[in-house]
Amino acid sequence: MLRPMPLLQLKNITVAFGGPPLLDGVDVTVQSGERLCLLGRNGAGKSTLLKVMRGDLDPNDGEIIRDPGVRVAYLEQHVPADVDGSVLDVVVAALGHAARDRAFEQPARAAISRVGLNADAVFAELSAGMKRRALLARAIASDPDVLLLDEPTNHLDIDSIDWLERFLAKQARALVFVTHDRALLRKLATGILDLDRGRLSRWDPDYDVFLERKQGLLETEARTNRKFDKKLAQEEVWIRQGVRERRKRNMGRVARLREMRTERGGRRDVEGRVRMEAQAGDRSGRIVLRAKGLTFAYEGKSVIRGLDLDVMRGDRIGIIGPNGSGKTTLLRLLLAELEPDSGHVRKGVNLQVGYFDQLHAELDENATAAENVGEGASTVNVNGKSRQVVSYLNDFLFTADQARSPVRTFSGGERNRLLLARIFARPSNVLVLDEPTNDLDVETLEVLEDLLANYEGTVLVVSHDRELLDHVVTSTLVLDGTGGWKEYVGGYSDYVSQRAADAPKRKKSGGRRKGKARPVSPLSKEEKRELRELPARIEKLEEQQAALHEQMADPAFFKEAGDVIATAKKKLEDVEAAIQTAYARWEVLEEKRTG
């Protein structure tokens, strides 16, 4: 059986920019058919590694080996500012030609068609999500053997992310991608690359197994380091003994102490983990917000139409919808930052609102991080404890120098962390968060997720992060982009299941939260039998799913031939789809049975 073909190899790659190396002796092989997810903290060097793979950055040391004729394409993290012209112009230019030429147009138009765009659309007039699609078309137009994607879900709505998953799953060649979207990771990855303190390690694709084993390694490392440090401290005491003892010194022991000092000086300890603690506010009233008949249009386009919404104390509501569907507009209407065309919003009593604006308008660009959080004071009070602002910012991984630096020098991820630090330093009983996960690394995202899941107040969150929605929210409000809306119980997965069950009877226009029940038909004999058999079928499918996860958790699995790995991945995708279909069918039959 044929083994996977190596397309790209990096051997002993080192890249440094004055401080500790971002890449410190990195080895990695990318083979045909692989989809490798590259993980690491913000600033760990993930984008740097992709640039080395692409050939845009020369390493300080090491060797890059590409199979002859291998084409490598790259989708950068941010939309470049210098891209203009039509979508076709943008894609053709990437093929090495500045003007339209039939020889270049054919592959360009094919790539544009694959991402579902109009070739004649003006790039500058596209939404952020559609610009990302155009740049993806630019990357795939050359029919690359290795496709490198840096945060490909940035600025995409959930429907676009679903499309991207399906699109990338069909790619026959190799894929290396950086993402903070854990659902995308779970769906696509055939392997995980972990970049930690300059070193790269490879893991099996089961993300939960990776987290467990990585934590075990870090705990072992910490115990080893504590033992080493204790021994070093003892040796330092010995070296400082009096003159009489010095005459008896063992020179081998002295040499060993020098070696230990050098070893300790070169050690790169694990950086601190983000610590988030929300300043608890007073208890709000039982009713937090009540919207009745809320309607708003912009430039003649209906954005919100006839929305009735009760937000009760303790609710955690996720808001999703296509880009431009009005999610941010809805938040601003509920916060009374916009006046509705009709209807009204009534606020409850004793509200203390913390608002995360995805555009970071709350931050003063010219002020320092400490000034933005402390507002002139050197301390903040968090849940009864007085904290120095600089120390408090260290909980959010800002150094003392960064705390005293102006915000205009910060990256997108740093601004997100700073705005969260500002919000959580103030008492609140309502958190209104508009895309708080953009540019956060996975570790910080999971800390935020835990905070929101345990927050004692009320949460309204706009997010395209499906796992965060599943783990945090109690209901999901879906906007359709035409002013229509519908609310579902539970998180994103619950919404998907309910939508599937509701599909045959869903109205075209946006619905209300309450309405008359539809007539119910009795179950046929065949449907009764199907309903009885569904639990056992689901149980069997879930056993198959667990067995496949266990198979893929074995490190030896990914040493199998590429077609074996691909077959197992396809089987897992089919089983998971069957489980989702079975649950949806169960809900349809159960609803029909009970009326």
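Start by selecting E467: at 10% relative accessibility, this residue counts as buried. Buried means under 20% relative accessible area, exposed means over 50%, and partly exposed is in between, with a 1.4 Å probe and protein chains only as cover. Before you click on, know that this is a predicted model: local features need pLDDT of at least 70, side-chain atom pairs count only at pLDDT 80 or more, and totals for chains, interfaces and linings use all residues. Residues are numbered from 1 along each chain as its sequence is written, and side-chain values use heavy atoms, with hydrogens and water left out.

**Stop 1: the partner of E467**

Now add R186 to your selection. Its side chain meets that of E467 in a salt bridge of 2.3 Å, N to O. The pair links distant parts of the chain: R186 sits in helix 6 (residues 182-188) and E467 in helix 16 (residues 466-472), 281 residues apart. A salt bridge here is a side-chain nitrogen of Lys or Arg within 4 Å of a carboxyl oxygen of Asp or Glu. Helices (H or I, at least four residues) and strands (E, at least two) are DSSP runs, numbered from the N terminus. Is R186 buried or partly exposed? With 33% relative accessibility, R186 counts as partly exposed.

**Stop 2: more salt bridges**

The structure holds 31 salt bridges, so there is plenty to click on. Try R71 and D143, whose side chains meet in one of 3.7 Å, N to O. R71 lies in the loop between strand 4 (61-66) and strand 5 (72-75), and D143 in the loop between helix 4 (128-140) and strand 6 (146-150), so the pair ties together parts that are 72 residues apart in sequence. Both ends can be seen from outside to some degree: R71 is partly exposed at 35% relative accessible area, and D143 is partly exposed at 36%.

Next, pick E365 and R415, another salt-bridged pair, at 2.4 Å, N to O. E365 is in the loop between strand 14 (353-356) and helix 11 (369-374), while R415 is in helix 14 (residues 412-424), 50 residues away in the chain. E365 counts as partly exposed at 33% relative accessibility, whereas R415 counts as buried at 15%. Then select D194, D196, R197, K214 and E221 together: salt bridges that share partners join them into one network.

**Stop 3: buried spots**

Go to L36 in strand 3 (residues 35-39). L36 is buried, with a relative accessible area of 0%. Which distance separates L36 and F177 in space, C-alpha to C-alpha? The answer is 6.3 Å, although they are 141 residues apart in sequence.

Hop to S475 in strand 19 (residues 475-479). S475 is buried too, at 10% relative accessible area. Show E487 as well: a polar contact of 3.0 Å joins the two side chains. A polar contact is a pair of N or O atoms within 3.5 Å; within protein, one must be able to donate a hydrogen and the other to accept it, and residues adjacent in sequence count only if both atoms are side-chain atoms.

Now colour helix 10 (residues 327-334), where six of the eight residues are buried. Those are K327, T329, L330, L331, L333 and L334. Just after helix 10 comes A336, with a positive phi near 65°.

**Last stop: helix 18**

Finish with K528 in helix 18 (residues 525-553). K528 is partly exposed, with a relative accessible area of 45%.
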